[in-house]
Amino acid sequence: MDTRTFDALTESMKSAYVAGLSEGAVPRPVIMPLVRGELVGLIWQRPAKNAEDALTAIASLSNIAAAANADEIVLAWETHDVATACELPAEGPSPCLNMVHATKDGHTLHQFPYAEDASSAEPLWQPASAPEPGGTLPAPVQAAVDYSFTPLELDHPSPFGVTVVLMEEDGYTLRLTEAFAF
């Protein structure tokens, strides 16, 4: 992925955090698969019932990337939000927008810590940490990264199309780009 594309995805996520925090919540974890450098879309985690379901819901973000035969993915989440939802210890800066860029050959963790401004509800972005090749990921995020590059074995004429429909039925929010919409 070229720097311009990653920077655009980062700015998109930062904008989502500004909007989300103004409404009282950070955005749910989101995966952005790419095929030959082209963005498939943005897929947000479905609502979860409990910690075990949250672990599954985050890991299952990988289904869309696997169905699309993604070459690379970017997955974004907030440190404290995922730790709380999954009942895991919060590791790393918090509050923090985390973004992992991954291919089947490895991943790099990018962290964008922020402070919450109570008067405006907007994040005050702090200096970003240096990118961490192979950085430690929370278990459900690591699972999503790993499974994103595991081919789905679906006996269906349109594995991508059926995956989209099933994920939407499960409550995931999908915004596919025009090239991948059907």
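1. Two strands are said to pair if DSSP finds at least two bridges between them, and several of the points below rest on that usage. The model under discussion is a predicted one. Within it, Ile31 of strand E1 stands opposite Ile43 in strand E3, and the two strands, E1 at residues 30-35 and E3 at residues 41-44, pair in the antiparallel sense over two bridges.

2. E1 has further partners. Five bridges join E1 to strand E4, which covers residues 72-78, and these strands run antiparallel; here Leu34 has Glu72 as its bridge partner in E4. Strand E2, at residues 38-39, also pairs with E1 in the antiparallel sense, over two bridges, and in E2 the bridge partner of Leu34 is Leu39. Leu34 is therefore a residue to look at from both directions, since Glu72 in E4 and Leu39 in E2 are both listed as its partners under the DSSP criterion for pairing.

3. The burial of E1 is worth checking on the display, because buried is taken to mean under 20% relative accessible area. Six of the six residues of this strand are buried. Both faces are covered, with Val30, Met32 and Leu34 buried on one side and Ile31, Pro33 and Val35 buried on the other.

4. The connection that follows E1 deserves a careful look at its backbone. E1 and E2 form a hairpin with two residues between them, and Arg36, in the loop between these strands, has a positive phi of about 50 degrees although it is not a glycine. Arg36 is exposed, with a relative accessible area of 74%. A second case is Asn69, whose phi is near 55 degrees, again a positive value in a residue other than glycine; Asn69 sits in the loop between helix H3, residues 62-67, and E4, and at 55% relative accessibility Asn69 counts as exposed. Most residues other than glycine have a negative phi, and most peptide bonds are trans.

5. On the peptide bonds themselves, the one from Ser94 to Pro95 is cis, with omega near 0 degrees. Pro95 belongs to the loop between helix H4 and strand E5, the latter at residues 96-103.

6. The structure holds one salt bridge, in which the side chains of Asp53 and Arg46 meet at 2.8 Å, N to O. Are the two residues of this pair buried or exposed? Asp53 is buried, with a relative accessible area of 14%, and Arg46 is buried as well, at 11%.

7. The largest pocket has a volume of about 260 Å³. Of the 17 residues that line this pocket, the closest to its centre are Pro89, Glu91, Thr136, Leu137 and Pro138. Helix H4, at residues 79-86, and strand E6, at residues 106-116, are the elements that give two or more residues to its lining, and the largest share, three residues, comes from H4. By class, the lining of the largest pocket divides into 10 nonpolar, five polar and two charged residues.

8. The second largest pocket holds about 190 Å³ of space. Its lining consists of 16 residues, of which Arg28, Pro29, Gln45, Asp81 and Ala85 lie nearest the centre. Helix H2, at residues 51-59, and H4 each supply at least two residues of this lining, with H4 giving the largest share, three residues. The lining of the second largest pocket has nine nonpolar, three polar and four charged residues.

9. As for the chain as a whole, the model has six helices and nine strands. The radius of gyration is 16 Å, close to the 16 Å that the globule rule gives for 182 residues, so the chain is as compact as a globular protein of that length. Its C-alpha atoms fill a box of roughly 50 × 35 × 30 Å, taken along the principal axes, and buried residues make up 45% of the 182 residues.

10. One last position may help with orientation. Ala130 is found in the loop between strand E7, residues 123-125, and strand E8, residues 132-133, and Ala130 is exposed, with a relative accessible area of 59%. The C-alpha atoms of Ala130 and Gly37, 93 residues apart along the chain, are separated by 24 Å.

Methods: Residues are numbered from 1 along each chain as its sequence is written. This is a predicted model: local features need pLDDT of at least 70, side-chain atom pairs count only at pLDDT 80 or more; totals for chains, interfaces and linings use all residues. Side-chain values use heavy atoms; hydrogens and water are left out. A salt bridge is a side-chain nitrogen of Lys or Arg within 4 Å of a carboxyl oxygen of Asp or Glu. Buried means under 20% relative accessible area, exposed over 50%, partly exposed in between (1.4 Å probe, protein chains only). Helices (H or I, at least four residues) and strands (E, at least two) are DSSP runs, numbered from the N terminus. On a 1 Å grid over the protein atoms alone, a cavity is a set of points where a 1.4 Å probe fits but cannot get out, and a pocket is an open set with protein on both sides within 12 Å along at least five of seven lines; lining residues have an atom within 4 Å of a point. Grid points are joined across faces, edges and corners, and a volume is the space filled by probe spheres set on the points. Ala, Val, Leu, Ile, Met, Phe, Trp, Tyr, Cys and Pro count as nonpolar, Asp, Glu, Lys and Arg as charged, and the others, Gly among them, as polar. The radius of gyration is taken over C-alpha atoms; the globule rule is 2.2 Å times the number of residues to the power 0.38.
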